[in-house]
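Welcome! Please take a first look at the protein below, and then read on for a short tour of its confidence values and its charged side-chain pairs.

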Amino acid sequence: MNPRATGNWSLALRLTIVCAVSAFGVVLVVTGLLYSALSQNLYREDREALRSKIALLRDLRQQHPTDRSAIAQEVVWEATSDDPHVFVRLIRPDGRMLLETPGMTNVLPPTAFTKLPASRATRMEALPPVQGHSYLIATALNLADDDHVRIQAAIDRTQESALLARFRGRLWWVLSIALLACTALGYLVARAGVQPLRSMATRLDRIGSQSLDVRLSTTELPAEVAVLAEAFNAMLERLDASFARLSRFSADLAHELRTPLNNLLGETEVALSRPRSPVEYQAVLASCREEYERLASLIDSLLFLARAEGRPVPPARERLDLAKELQALQEYYEAAASEAGVALELVPCDGVAIEIDRTLFQRALGNLITNALRYTPAGGRVRLAATANEHEVAISVADTGCGIAAEHLPHVFERFYRADAARSNAQGGNVGLGLAIVKGIAELYRGSVSIESAAGEGTRATVRVPRASHVTPVE
């Protein structure tokens, strides 16, 4: 299937996006931190420069209260450069200007500085751009005992702003290149990451119905992909086993159908080879009827197994008294048991109820009883028993017959499997489908069936079916 047809993004694309976004996010955070650190350092240096200028003026004012020359020299010395950087103004308490850096009023009049609150000795703030220049201004008191001169200082931050602007421009180039590099790196990482999956997909694409024995190697795969490969190997094991069972089933089915059809064809050809009397034709028709019944039984059993495996709807349930049902089965098969010279016994199990379809229940137990009677010699015994707990009901059919060899036990529930094909064909039956039907019925109700046997010592088959939580013992 084409991944694009489903509308889903490929794993490589998702990994590429995740890696690119993650790496670019780290670069973005780092560059943002660098820009923030540079901006804060420049701002801190300007603040320290203003504080140093104010502290120097305070010292000069306190050391030379009557000598204005030293202070004047400090105030105007920046004006001697072509591009003044620091501006200082001293204002008397009555509002008159005492000293000022030449040209300061043109760019920063006294009204540009806010009034200083009484609780603060110094106040700094950044002004919006004035005539294309950015300024950091400060207002401070002289703090002398008998001097209330206010100091207004400003520092031109235009160069710092220009530096930050150039830095931002370069950062955009760096981020653009980083985005491309992160995308390329993410693609390479994603490609390397999904390469084991591509290799595994290529290997799986070569596996068909004729090569289900091929397995994926997990030695060179990453741990996460190795788990997926092991799951595929387990699936291939199940598919291989299913195909093998299907092949055996097809072969057995063809064999079972061929035998009655060949019998019908042979008897018909013999009957038509020359004129026959009505009695002879009736004998041929009677023989054909037996073959038809055999075919009908085989088809009915196969249809039941197909429906049981498909499970289109939940099986029906009805509340049954287990003791009455087992007694009814004993009475039904009593005649066949007497004819075979086998004692059919029932162990009492009063007070036990089970929820199951009566027809399926009778069919499953009937198959087990029929098998037990068929393989138990005259003078033997077949016993029906049932036990129950709060979780499940176990019904067993035990006989004293010939038993089953240990090598056959794992296969007795497979379709068309017979431990002794010649004897089974001679005795009739459902051509190896009886126990398969019992297993199918048990699994319909989430139960199970098991068999214990030893050659010459008899056989015990046990069906276990869970009890519904609301089922209570019969009074």
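## How confident is the model?

This is a predicted model, and the mean pLDDT of the protein is 79, with 85% of its residues at 70 or more. Two stretches call for some care. Residues 1-6 have a pLDDT below 50, and in the model this stretch has two contacts beyond near neighbours in sequence. The pLDDT is also below 50 over residues 469-475, a stretch with 16 contacts beyond near neighbours in sequence.

When you come to such places, keep in mind that predicted coordinates should not be read in detail where pLDDT is low.

## Salt bridges in the model

Side chains of opposite charge can pair when their charged atoms come close. How many salt bridges does the count come to? The count is ten. Let us visit some of them.

## R358 and its two partners

A good place to begin is R358, which forms a salt bridge with E318; their closest N and O atoms are 3.1 Å apart. This pair links distant parts of the chain, with R358 in helix α8 (residues 358-374) and E318 in strand β6 (residues 318-321), 40 residues apart. Are these two side chains buried or exposed? R358 counts as partly exposed because its relative accessibility is 32%, and E318 also counts as partly exposed, at 30%.

R358 meets E325 in a salt bridge as well, with an N to O distance of 3.0 Å. Here helix α8, home of R358, is tied to helix α7 (residues 322-340), where E325 lies, so the pair joins parts that are 33 residues apart in sequence. E325 has a relative accessibility of 8% and therefore counts as buried.

## A bridge between two strands

Next comes a pair made by E345 and R381, whose side chains meet in a salt bridge at 3.6 Å, N to O. Which elements hold the two residues? E345 belongs to strand β7 (residues 343-346) and R381 to strand β9 (residues 381-388); the pair links distant parts of the chain, 36 residues apart.

With a relative accessibility of 28%, E345 counts as partly exposed. R381 is partly exposed too, its relative accessible area being 33%.

## A small network

To finish the tour, find R215, E237 and D240 in the structure: a network of salt bridges links these residues.

Note on methods. Residues numbered from 1 in each chain as written. Predicted model: local features only at pLDDT ≥ 70, side-chain atom pairs only at ≥ 80, totals over all residues. Heavy atoms only, no water. pLDDT = per-residue confidence, 0-100. Contact = heavy atoms within 4.5 Å. Salt bridge = Lys/Arg side-chain N within 4 Å of Asp/Glu carboxyl O. Helix = DSSP H or I, 4+ residues; strand = E, 2+ residues; numbered from the N terminus. Buried < 20%, exposed > 50% of the residue type's maximum accessible area, 1.4 Å probe, protein only.
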